Amino acid sequence: QVQLVESGGGLVQAGGSLRLSCAASGRILRINGMGWHRQAPGKQRELVATISSGGSTNTAESVKGRFTISRDNAKNTAYLQMNSLKPEDTAVYYCNADITSWPGDEYDYWGQGTQVTVSS
């Protein structure tokens with residue numbers, strides 16, 4: 001069984017920074033793409049950033065220049081560095097990872113989410 005555990009959320013003032021972590025554990029042969037998503041109250045979940053196994057990244061326009069996704073393959077961990085936070089960044093942030101546990105057995109796993117609240 002594979003688990004993704006997010007950490008690093010919390011309450012921060014506008015203009016501040018937070019660093020989220022997403023650690024994968026369990027039976028892991030290979031981690032392919034990883035990503036961060038967020039869902040604000042009353043809104044649909046939206047993609048924030050993705051990173052491929054080779055390190056190529058994509059970032060949503062709404063956070064470009066402020067948020068940076070990275071990963072440490074040796075630690076099976078992805079990160080989301082969030083700078084210049086705004087109240088509209090308030091949301092539950094979720095990590096997902098496309099993980100191969102056995103040859104031919106690939107599945108998209110999700111974490112439980114971590115709350116980020118930005119006060120004005």
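Strands here are DSSP runs of E, at least two residues long and numbered from the N terminus, and two of them pair if DSSP finds at least two bridges between them. With that in hand, let's walk through this predicted model.

**Stop one: the S4–S5 hairpin.** Select residues 30-39 for strand S4 and residues 46-51 for strand S5; the two run antiparallel and are joined by five bridges. To see one pairing up close, pick His37, whose bridge partner in S5 is Leu47. Now move to the six residues between the strands, where Gly42 takes a positive phi near 75°.

**Stop two: on to S6.** Keep S5 selected and add strand S6, residues 57-59: three bridges pair them in the antiparallel sense. Ala49 is a good residue to click, as it stands opposite Thr59 in S6. This hairpin has five residues between its strands, and Gly55 has a positive phi near 100°.

**Stop three: the open sheet.** Next, colour S1, S3, S8 and S7, in that order: these four strands form an open sheet with antiparallel pairing. Its edges are S1 (2-7) and S7 (67-72), each of which pairs on one side only. On average, neighbouring strands of this sheet are turned by 15° against each other, direction ignored. Zoom in on S1 and S3 (residues 18-26), which share six antiparallel bridges; there, Glu6 stands opposite Cys22 in S3.

**Stop four: Ser70.** Stay with the sheet and select Ser70, which lies in strand S7. Is Ser70 buried, partly exposed or exposed? Its relative accessibility is 30%, so Ser70 counts as partly exposed. Leaving aside neighbours within four places in sequence, Ser70 is in contact with Ile51, Thr77, Ala78 and Tyr79. Draw a C-alpha to C-alpha distance to Ile51 and you should get 6.9 Å, for a pair 19 residues apart in sequence.

**Last stop: salt bridges.** How many salt bridges does a search of the whole structure find? There are four. Show the side chains of Arg38 and Glu46 for one of them, at 2.6 Å from N to O. Arg38 is buried, with a relative accessible area of 6%, whereas Glu46 is partly exposed at 34%.

Then select Asp89 and Arg66, whose side chains meet at 2.7 Å, N to O. This pair links distant parts of the chain, 23 residues apart: Asp89 sits in the loop between S8 and S9, and Arg66 in the loop between S6 and S7. Both Asp89 and Arg66 are buried. Display Arg38, Glu46, Arg66 and Asp89 together, and you have one network joined by salt bridges that share partners.

Conventions: Residues are numbered from 1 along each chain as its sequence is written. This is a predicted model: local features need pLDDT of at least 70, side-chain atom pairs count only at pLDDT 80 or more; totals for chains, interfaces and linings use all residues. Side-chain values use heavy atoms; hydrogens and water are left out. Axes are lines fitted to C-alpha atoms, for helices over the stretch in contact, and angles run from 0 to 180 degrees between N-to-C directions. Buried means under 20% relative accessible area, exposed over 50%, partly exposed in between (1.4 Å probe, protein chains only). Contact means heavy atoms within 4.5 Å.
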